[in-house]
Amino acid sequence: MRELLRRAAGRRVTVGFDGFIDTIARPVTRTATADAPAQYFESIPAFGQYLVEHGGKSCSIALHVERRQLGGNLPHLSRAASMLGLDVSCVGMLGQPGIDPVFSDLPCKLYSFAPAGEATALEFSDGKVFLAADAIWSDAPWQDVCAHVPQAEQLFREAELIALVNWSELNASQALWQTVYDHAVRPDRANFSRFAFFDLCDCTRRSAEQLDQVLKLLGRFATRRTV
């Protein structure tokens, strides 16, 4: 392990393209009284059953907000890679104008092209349920990135490891990943001492056709870099 860390130290990594601010909250079943503390839904099945029982009706659920923290795959992956000694550049949705303070402690070079996404994470003993609005993208997402991060193509081209994450959560992921391949990977000769890492995330909302498209794109990356 020490030898691997020594060899990895200082290697250039570029990560794209998400970035979220998560509000962590617990759904309340009973509000606090003078005699008893608040009670919460303990599990996802219990919460789901409550919703099923209110089908055809309306219901209101109070949330106890516990904290606000950075979220998204890019921030977490980037922080972990930096702690291993890698030289990490993040091209993501990290705040506009300027980097949101939530991300300011990340030990990476931060390049933001859009406001962070906002998500509410309902926390249970057996997991979390994330609720987030779709990000609004133009028809030319790569141009949007470059308008705020003009060195984006260079960052990806010079990276010894390209990490593209959270494909399923960002509507523009396919177009962005394709452009990274077209502009930063395909023009160069194959070099399998360089790497590309991909995280598709939860693909259940995506169609079989979309999955086929991204898998074919990953195959093209594999003709140029070790995937």
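This report covers salt bridges, two residues of helix 6, and the strands around that helix in a predicted model.

**Salt bridges**

The structure contains twelve salt bridges. Three of them are set out below, each with its N to O distance.

| Acidic residue | Basic residue | N to O distance |
|---|---|---|
| Glutamate 42 | Arginine 26 | 3.4 Å |
| Glutamate 66 | Arginine 67 | 3.6 Å |
| Glutamate 123 | Arginine 67 | 3.7 Å |

Take the pair of glutamate 42 and arginine 26, whose closest N and O atoms are 3.4 Å apart. Arginine 26 sits in strand 2 (residues 20-30), while glutamate 42 sits in the loop between strand 3 (39-40) and helix 2 (44-53), so the bridge ties together parts 16 residues apart in sequence. Glutamate 42 has a relative accessibility of 46% and therefore counts as partly exposed.

Arginine 67 takes part in the bridge with glutamate 66. It also takes part in the bridge with glutamate 123. How far apart in sequence are the parts that glutamate 123 and arginine 67 tie together? They are 56 residues apart, because glutamate 123 belongs to strand 7 (residues 117-124) and arginine 67 to strand 4 (residues 63-71).

Are these residues buried or exposed? Glutamate 123 is buried, at a relative accessible area of 17%. That value falls under the 20% cut-off for buried residues. Arginine 67 is partly exposed at 35% relative accessibility. Glutamate 66 is also partly exposed, at 36%.

The bridge between glutamate 123 and arginine 67 has its closest N and O atoms 3.7 Å apart. Through shared partners, salt bridges link Glu66, Arg67, Glu123 and Lys128 into one network.

**Two residues of helix 6**

Glutamine 174 lies in helix 6 (residues 173-185). Its relative accessible area is 18%, so glutamine 174 is buried. Which side chain does glutamine 174 join through a polar contact of 3.2 Å? The partner is the side chain of tryptophan 167. Beyond neighbours within four places in sequence, glutamine 174 is in contact with Trp167, Gln213, Val214 and Leu217.

Threonine 179 is in helix 6 too. With a relative accessible area of 14%, threonine 179 is buried. A polar atom of the threonine 179 side chain lies 2.8 Å from the backbone oxygen of alanine 175. Outside the neighbours within four places in sequence, threonine 179 is in contact with Trp142 and Ala184.

**Strands around the helix**

Helix 6 is part of a right-handed β-α-β unit, together with strand 9 and strand 10. In which sense do strand 9 (residues 161-164) and strand 10 pair? The pairing is parallel and runs over four bridges. Within it, alanine 163 has phenylalanine 197 of strand 10 as its bridge partner.

Strand 10 (residues 195-198) has two faces. Ala196 and Phe198 make up the covered face. Phe195 and Phe197 make up the uncovered one. Phenylalanine 197, the bridge partner of alanine 163, thus belongs to the uncovered face of strand 10.

Note on methods
Residues numbered from 1 in each chain as written. Predicted model: local features only at pLDDT ≥ 70, side-chain atom pairs only at ≥ 80, totals over all residues. Heavy atoms only, no water. Salt bridge = Lys/Arg side-chain N within 4 Å of Asp/Glu carboxyl O. Buried < 20%, exposed > 50% of the residue type's maximum accessible area, 1.4 Å probe, protein only. Polar contact = N/O pair within 3.5 Å; in protein donor to acceptor, adjacent residues only side chain to side chain. Contact = heavy atoms within 4.5 Å. Pairing = 2+ DSSP bridges. Right-handed = clockwise from strand over helix to strand, strands pointing away.
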